[in-house]
Amino acid sequence: MPADFWLSSGFALLRRDASGKLLVSDDFLRAYLARPELRPEAESCAAEIALHSALLAEPRQSVDEARLATLADADARDNYRHLLRFRDRLLASPSLEACYLALFRAESIDVPPLFIDHLAHVILRNILDGCTDPLRLRAAELLFRSQKVTIEDGAIMLADEETVKMYAATGGFGAVGRLLAENQTPMRSVSLDVLDEAKAALYWERSDRFDAVLDLSFGRPGLDALCRVLEGWIAHLLGTTVRIEPVQAIRDERWSWHVGLDGEATAILNDLYRGAEVAEERFRRLLALFRLSFADPAQMLPEVAGRPVYLGLAMTADRRLRVKPQNLVTNLPLARPV
């Protein structure tokens, strides 16, 4: 039996419907109230404490603006507004997956990125339930957590951005490490493990630490793992079967459609498609290119049916990678919107 992973996703608090989609539960909603932004502190007013307790007891209850106005702390009022808006979207949707799709079909997105990332996190946990390949799980982290990129001797190595920042501040030793760093006390260097076949088993015991490095170089298993994750994401959310494979370049005189998997890649691919000149420094930010093929070309827009769709992944100038998985559910050339 595969080991459990990503306990922080809240997947264990949910159940599936007959189609395998996730149904919101009271316990899942309660978990958000445990976040530090919402958990009452010693100086919290009585109204804030009472609201928090009431929502823990009945997380679906209506909370109007008049009640929020009784909270003394302006930040607390705003935090509850964000949570309640997101909660109401979840409750109005038949599933978490439907909520995710609806967010990106709205005229404007009124939900903070934190909630969107968490939705992607738990949906991926659902998609990957039963997965026995730690590389695939690590690759899936790209869809809901920012990465820092290091390129050495042509190898593309990705480390979780938040984890990198934590290690930079504390040397991996928490509050003690932060104190030592502030006092410029030398600390033992802490390096992150590159996830490979020899170290794959380590992932199960520390999946929620997000501290494994992924080798995304062309021809390496990590890039193939990402392809399989993207295929699963599309199949689960759109009901569309595709095949994705890495390519080293786009050599296609009939290039007709592309999707950037992040903002930087979108801009670069748009320029290349238009034939605009792309500076060498900017071109080198492209980390990976992919060719996507539909199993059933009839599901595509007629004008591009049977043609490949090219995908791109790129880092920013400061070597940051922020994947936008929503691009794959909003920008593919589907004949009928899902």
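## A pair of packed helices

Helix α2 (residues 46-57) and helix α4 (residues 74-92) have axes that come within 12 Å of each other and cross at roughly 20 degrees. Because angles under 35 degrees count as roughly parallel, α2 is described as roughly parallel to α4. These values belong to a predicted model.

The crossing in which α2 passes α4 is left-handed. On the side of α2, the residues that make the contact are E48, L51, H52 and L55, while α4 contributes A76, Y80, L84 and R87. Sorted by class, the contact of α2 with α4 contains five nonpolar residues, one polar residue and two charged residues.

## An open sheet of four strands

Elsewhere in the predicted model, four strands form an open sheet with mixed pairing, and their order is β7-β9-β10-β8. At the edges lie β7 (242-247) and β8 (258-260), each of which pairs on one side only. From one strand to the next, the twist averages 25 degrees.

The edge strand β8 runs parallel to β10 (residues 309-314), and three bridges join the two strands. Within this part of the sheet, G260 stands opposite G312 of β10.

## A helix on the sheet

Helix α11 (residues 221-238) packs on the sheet, where it touches β7, β9 (286-294) and β10. The direction of α11 makes about 155 degrees with that of β7.

Methods:
Residues are numbered from 1 along each chain as its sequence is written. This is a predicted model: local features need pLDDT of at least 70, side-chain atom pairs count only at pLDDT 80 or more; totals for chains, interfaces and linings use all residues. Side-chain values use heavy atoms; hydrogens and water are left out. Two strands pair if DSSP finds at least two bridges between them. Axes are lines fitted to C-alpha atoms, for helices over the stretch in contact, and angles run from 0 to 180 degrees between N-to-C directions. Contact means heavy atoms within 4.5 Å. Angles under 35 degrees count as roughly parallel, over 145 as roughly antiparallel, 65 to 115 as roughly perpendicular and the rest as oblique. A crossing is left-handed if the near helix is turned anticlockwise from the far one by less than a right angle, and right-handed if clockwise. Ala, Val, Leu, Ile, Met, Phe, Trp, Tyr, Cys and Pro count as nonpolar, Asp, Glu, Lys and Arg as charged, and the others, Gly among them, as polar.
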